[in-house]
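Please look through the structure below while reading the paragraphs that follow. They go from one pair of helices to the sheet and then to another pair of helices.

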Amino acid sequence: MAGRVQGKVAFITGAARSQGRSHAVRLAQEGADIIAVDIAGPVESIRMYPPATEEDLAETVRQVEALDRRIIATKADVRDSGALKAAVDEGVAQLGRLDIVLANAGVFELEPSLELTDRAWQEMIDINLTGVWNTCKVALPHLIEGGGGSIVITSSTAGLKGTPNTIHYTTAKHGVIGIMRTLANEFGKQAIRVNTVHPTGVDTVMIQNPKTWGLFTPDDPEPTKEKFTELFETLHPLPVAYVDPVDISNAVLFLVSDEARYITGVTLPVDAGYTIR
Ligand SMILES: NC(=O)c1ccc[n+]([C@@H]2O[C@H](COP(=O)([O-])OP(=O)(O)OC[C@H]3O[C@@H](n4cnc5c(N)ncnc54)[C@H](O)[C@@H]3O)[C@@H](O)[C@H]2O)c1
């Protein structure tokens, strides 16, 4: 039986691990080939959790190839639009087309607003906002040439609500909605759909680290994952503390599939009800 994105090609940023890898594998399960990029190395101002590695990116390649799909993986930084363009152009040259773009790469750091350095602010905006635009910019000519396509940008519940101690992150995640709405209007006539997804906490290394646990439970001298989990359960109407990467992948898969052919300009929460609290 044909998959839900059979024969399509997807360009995915931040594909070395966690949600990006899950998207690559989930789309490959449904018949897509993948153009993967990741910085696969450290970002200067991100100290809260360990960076993805070249081995992580190689593992994504292994998992996609195990599904008998093709994948072209490149180590590239979304801040470097030249490197991104080279990666997507080479991927399209090898795989023949481009249909799907997932602007997923991002970083996160918790910092009280008045303690944030200028450098940390700028680095966050450069990756989580400008990096998303760079991703769309280098991919759009290929989508236009192919007669249409679908872009999904990974925002956050922090793109819909003001979240304390994340002024730079929250600003960037709100900003990508502007990119989405503009492109959805500007390129709709070329059959290009653009949407955002807004995950609540996803069970990845980005939030599962001692500094995050501590800043979310500031009155606790000994923050632990268990206490953090208990707190996060209270944030959601549904009985869950965090969602899994595949929950985001399934929402993304729906949005990029033909099942969503008339859905564009939508901000889709995958948040167990967090944003209605
Ligand atoms: N984990 C959560 O709770 C959560 C919640 C809401 C939204 N998000 C968003 O989901 C997306 C994926 O996060 P994740 O949870 O998988 O975290 P993660 O840190 O495990 O994965 C992010 C990936 O992006 C890559 N990346 C970072 N900076 C890059 C750059 N400059 N260029 C290229 N690649 C870069 C990293 O190397 C990593 O592989 C991010 O945009 C994040 O902001 C995460």
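In this predicted model, helix α1 passes helix α2 in a right-handed crossing. Helix α1 covers residues 18-29 and helix α2 covers residues 54-65. Their axes come within 9 Å and cross at roughly 10 degrees. Angles under 35 degrees count as roughly parallel, and α1 and α2 are therefore roughly parallel to each other. Which residues of α1 meet α2? On the α1 side they are Arg21, Ala24, Val25 and Ala28. On the α2 side, Asp56, Glu59, Thr60, Gln63 and Val64 take part. Sorted by class, this contact has 4 nonpolar, 2 polar and 3 charged residues.

Helix α1 also has the sheet as a neighbour: the helix lies across β1, β2 (33-38), β4, β5 and β6 (192-199). Relative to β1, helix α1 runs at about 170 degrees. An angle over 145 degrees counts as roughly antiparallel, so α1 and β1 point in roughly antiparallel directions.

Now consider the sheet itself. Strands of a sheet pair through backbone hydrogen bonds, either parallel or antiparallel. Here the sheet is open, has 7 strands and shows parallel pairing. Read across the sheet, the order is β3-β2-β1-β4-β5-β6-β7. Which strands stand at the edges? They are β3 (71-75) and β7 (267-270). Each of these has a single partner strand, so one side of each has no neighbour in the sheet. From one strand to the next, the twist averages 15 degrees.

The pairings can be followed strand by strand. Strand β1 (residues 9-13) runs parallel to β4, and 3 bridges join them. In this pair, Ala10 of β1 stands opposite Ile100 in β4. Strand β4 (residues 100-103) then pairs with β5 in the parallel sense over 4 bridges. Ile100 appears again in this second pairing, where its bridge partner in β5 is Ser150. Continuing across the sheet, β5 and β6 pair in the parallel sense over 6 bridges. There, Val152 stands opposite Asn195 in β6.

Are the residues of β5 and β6 buried or exposed? In β5 (residues 149-154), 6 of the 6 residues are buried. Gly149, Ile151 and Ile153 point one way from this strand, while Ser150, Val152 and Thr154 point the other way. In β6, 8 of the 8 residues are buried. Ile192, Val194, Thr196 and His198 point one way from β6, and Arg193, Asn195, Val197 and Pro199 point the other way. Both sets in β6 are buried, and they include the charged residue Arg193.

Another helix belongs to this part of the picture. Helix α5 (residues 167-186) lies across β5, β6 and β7. Its direction is at about 160 degrees to β6.

A second pair of helices remains. Helix α3 (residues 81-95) and helix α4 (residues 118-145) have axes that come within 9 Å and cross at roughly 35 degrees. The crossing of α3 and α4 is right-handed. From α3, the residues that meet α4 are Ser81, Leu84, Lys85, Val88, Asp89 and Val92. Their counterparts in α4 are Asn134, Thr135, Lys137, Val138 and His142. The residues of this contact divide into 4 nonpolar, 4 polar and 3 charged.

How values were computed. Residues are numbered from 1 along each chain as its sequence is written. This is a predicted model: local features need pLDDT of at least 70, side-chain atom pairs count only at pLDDT 80 or more; totals for chains, interfaces and linings use all residues. Side-chain values use heavy atoms; hydrogens and water are left out. Axes are lines fitted to C-alpha atoms, for helices over the stretch in contact, and angles run from 0 to 180 degrees between N-to-C directions. Helices (H or I, at least four residues) and strands (E, at least two) are DSSP runs, numbered from the N terminus. Angles under 35 degrees count as roughly parallel, over 145 as roughly antiparallel, 65 to 115 as roughly perpendicular and the rest as oblique. A crossing is left-handed if the near helix is turned anticlockwise from the far one by less than a right angle, and right-handed if clockwise. Contact means heavy atoms within 4.5 Å. Buried means under 20% relative accessible area, exposed over 50%, partly exposed in between (1.4 Å probe, protein chains only). Two strands pair if DSSP finds at least two bridges between them.
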